[in-house]
Amino acid sequence: MAFDYDKWIRPGKLPHIWCPGCGHGIVMKGLIRAFETLQLKKENTALVSGIGCASRLPGYIDCCTLHTAHGRAAAFATGVKMAKPEMDVILVGGDGDGTAIGGNHFIHACRRNINMTYIIINNYIYGMTGGQFSPCTPTGHKASTTPYGNPDPGFDIAKLAIGAGATFVARGTAYHANQIDKLIVEAIQHKGFSVVEILDDCPTTYGRRNKYKSVIEMMNRLKEVAVPVKAAEKMSAEQLEGKVLTGILYKEVKPDYTSEYAKVIERAQAAK
Amino acid sequence: MEKTLPKIEIIEKYCKGCHVCVEFCPKDVLEMKGFYASVKNLEACIKCMQCELRCPDFAIKVITE
Ligand SMILES: Cc1ncc(C[n+]2csc(CCOP(=O)(O)OP(=O)(O)O)c2C)c(N)n1
Ligand code: SF4
Ligand code: SF4
Ligand code: SF4
Ligand SMILES: [Mg+2]
């Protein structure tokens, strides 16, 4: 049966502002399917973002939403979770928002292992502002600010998250649409800070400059580079050259921040 | 047993003409007609839902029983 997305979309908000073929809409649909699978309550679900094309996503969703300052989704979301630990708090944003201006907030949310889910949509570029390179733009690729090729190496968001202390880390792609909701469901169910990176296209500012002739070419690139973790176990280093692992990359059980903080409150009150 | 066909609905006011549904349909059911996606050969549809899942614009629905 056709999936009923309307239940989670604010009336009158479609069509959305994203460009033709921009995968942000595919991610939004995955997020809605995950909310529905988990039967989340609108009044108990907070969706928090920073600034960017990806960060426009919460504006379309009918739940408690917070569109904040560039790179600050993690800071605002932490505030929400501390004040209302019973809420399901989900962050969403782009690679620029999360790893450049918001990089510091990102690593500290990971370090605290605060029980929230962060969906980071990586299209390798600052889409909204016209295609400046981000910390995720691959070496040699072109952006409006690196017309002769980017000299910097790009971040591996998943490794960054694991290194900083996130206890659930997964990766999917906009091409592999039916996996997106499944990864998000597991991430929300995990008690601790969960990071789900979704590789995406930005045909308008990244594709054009990097000689992708169409949205379809960009989607095919996502299809080709992705290797599920299970399949990768049987592949040699050469076969994995230039590939990106997808699926659940890391999972660990560790005390989460709001539970630990509740103990601090208890100790402080006992000491009175 | 006769195969039941789905109803494929394309919401033109949402469709941005990106070709994604058309290109990734495994059975070549869809085509671009002018700016919008359109159904070319409904009989071939296997109801895999790939078009509906991948449309970034909430513009295509595969309605099955
Ligand atoms: C403090 C501040 N600095 C810079 C900007 C300009 N700005 C808006 S969005 C953006 C980058 C967004 O890139 P990303 O997070 O990757 O999202 P995308 O648009 O690619 O989805 C920048 C630099 C801003 N809004 N606020
Ligand atoms: S500029 Fe890029 S990221 Fe922004 S809506 Fe267009 S395709 Fe998507
Ligand atoms: S449901 Fe599958 S076979 Fe049918 S039109 Fe969509 S992609 Fe093609
Ligand atoms: S994928 Fe959606 S927006 Fe793109 S052509 Fe098909 S129906 Fe239109
Ligand atoms: Mg980006």
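How are the donor residues of the magnesium ion, ligand 5, spaced in sequence? I'll start there. The spacing is D-x27-N-x1-I. Before going further, please keep in mind that this is a predicted model.

The donors themselves are A:D95 through OD, A:N123 through OD1 and A:I125 through its O atom, and the coordination is at 2.1 Å. Two of these donors link distant parts of the chain: A:D95 belongs to helix α3 of chain A and A:I125 to strand β5 of chain A, with the pair 30 residues apart. Are A:D95 and A:I125 buried or exposed? Both are buried.

Next, ligand 1. There are 17 residues around ligand 1, and A:D95 is again on the list of the closest, together with A:G96, A:D97, A:G127 and A:M128. By class, the shell of ligand 1 consists of seven nonpolar, eight polar and two charged residues.

Some backbone atoms lie close enough to give distances. For A:G127, a backbone N or O atom is 2.8 Å from an oxygen atom of ligand 1. For A:M128 the corresponding distance to an oxygen atom of ligand 1 is 2.9 Å, and a backbone N or O atom of A:A54 also lies 2.9 Å from an oxygen atom of this ligand. On its own, ligand 1 has 600 Å² of accessible area, and the protein covers 74% of that.

Which elements give two or more residues to the shell around ligand 1? They are α3, residues 95-101, and β5, residues 125-126, both in chain A. The largest share, four residues, comes from α3(A). So much for ligand 1.

One residue in chain A deserves a stop of its own, A:S55. This serine sits in the loop between β1 (45-49) and β2 (64-67) of chain A. Why does A:S55 count as buried? Because its relative accessibility is 1%, and buried means under 20%. Setting aside neighbours within four places in sequence, A:S55 has contacts with A:S49, A:G50, A:H67, A:V92, A:G93, A:G94 and A:D97. A:D97 has come up before, as one of the closest residues to ligand 1.

Last, chain B and ligand 3. The residues around ligand 3 include four cysteines, B:C25, B:C45, B:C48 and B:C51. Also in that shell are B:I8, B:P26, B:V29, B:I46, B:K47, B:M49, B:Q50 and B:V62. Sorted by class, the shell around ligand 3 has ten nonpolar residues, one polar and one charged.

That is the tour. I'll take questions now.

Note on methods:
Residues are numbered from 1 along each chain as its sequence is written. Chains are lettered from A and ligands numbered from 1 in the order in which they are written. This is a predicted model: local features need pLDDT of at least 70, side-chain atom pairs count only at pLDDT 80 or more; totals for chains, interfaces and linings use all residues. Side-chain values use heavy atoms; hydrogens and water are left out. A residue is near a molecule or strand if one of its heavy atoms lies within 4 Å of it. A polar contact is a pair of N or O atoms within 3.5 Å; within protein, one must be able to donate a hydrogen and the other to accept it, and residues adjacent in sequence count only if both atoms are side-chain atoms. Accessible areas come from the Shrake-Rupley method with a 1.4 Å probe; for residues, only the protein chains shown count as cover. Ala, Val, Leu, Ile, Met, Phe, Trp, Tyr, Cys and Pro count as nonpolar, Asp, Glu, Lys and Arg as charged, and the others, Gly among them, as polar. Buried means under 20% relative accessible area, exposed over 50%, partly exposed in between (1.4 Å probe, protein chains only). Contact means heavy atoms within 4.5 Å. Donors are N, O and S atoms within 2.8 Å of the metal (3.2 Å for Na, K and Ca); water is not among the atoms, so sites may look incomplete.
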